[in-house]
Amino acid sequence: VASQIDIHALYGGVVPEIASRAHTEAICSITQSALDDAKLTLSDIDAIAVTNCPGLIGALLVGVNFAKSLAFANNKPLIPVHHIRGHVAANYLHFNGIDNQLLEPPFTALVISGGHTSLLGIDSYTDYHIIGYTHDDAAGEAFDKVARVMGLPYPGGPIIDRLAKEGND
């Protein structure tokens, strides 16, 4: 519902301090917009969930402190959510909600998000094991870096993907 692409395009990639400041500027209005779109108020919400790790520390601090304040002010429980586990869990919502497909462990998950890539063995709904991962780099960042070297705009992934389809095999 909010994008920082235009901001980060100026620098050819994500600048953590700028990302955190943009999070601070947007978080209140995005939360209110989500409630409005769902036709709900905070009194309709049972709990507040927030990504608490891993990620860019500044952006996490913005989200965690906002969520803690929101939960405290509204007397709601606060639920910490591990970023990578949240990505995996989102697939249960997606797959189990369409065409009666059911996603059940065990399976292998590839999570490509932000500054990392993780290949995980999902043994059960709560037990995972790491097959492989990158640290402080991800496929998306690699595309952004290649695009910058080629003189292409940010973000690089969609543009390189489009150009690859037009290329000569």
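This briefing covers a sheet, the helix across it and the nonpolar cores. The model is predicted. Strands β3, β4 and β5 form an open sheet with antiparallel pairing. Helix α4 lies across these three strands. The largest nonpolar core has ten residues, and α4, β3 and β4 each supply at least two of them.

**Sheet**
- The strand order is β3-β4-β5.
- Strands β3 (107-113) and β5 (128-133) are the edges, and each pairs on one side only.
- Neighbouring strands are turned by 25° against each other on average, direction ignored.
- Strand β4 spans residues 116-122 and runs antiparallel to β3.
- Seven bridges join β3 and β4.
- Thr-108 stands opposite Gly-121 of β4.

**Helix on the sheet**
- Helix α4 covers residues 83-95.
- The helix runs at about 120° to β3 while lying across β3, β4 and β5.

**Nonpolar cores**
- The largest core includes Ile-84, Val-88 and Tyr-92.
- Leu-103, Phe-107, Ala-109 and Val-111 also belong to this core.
- Leu-120, Ile-122 and Tyr-128 complete the set of ten.
- Another core, of seven residues, lies apart from this one.
- Among the members of that other core are Ile-48, Phe-66, Ala-67 and Leu-70.

**Contacts of Tyr-128**
- Neighbours within four places in sequence are left aside here.
- Tyr-128 is in contact with Arg-85 and Val-88.
- Tyr-128 also contacts Leu-120, Gly-121, Ile-122 and Asp-123.
- Of these partners, Val-88, Leu-120 and Ile-122 are listed with Tyr-128 in the largest core.

Note on methods
Residues numbered from 1 in each chain as written. Predicted model: local features only at pLDDT ≥ 70, side-chain atom pairs only at ≥ 80, totals over all residues. Heavy atoms only, no water. Pairing = 2+ DSSP bridges. Helix = DSSP H or I, 4+ residues; strand = E, 2+ residues; numbered from the N terminus. Axes fitted to C-alpha atoms, helices over the stretch in contact; angles between N-to-C directions. Contact = heavy atoms within 4.5 Å. Core = buried A, V, L, I, M, F, W, Y, C linked by side-chain atoms within 4.5 Å. Buried < 20%, exposed > 50% of the residue type's maximum accessible area, 1.4 Å probe, protein only.
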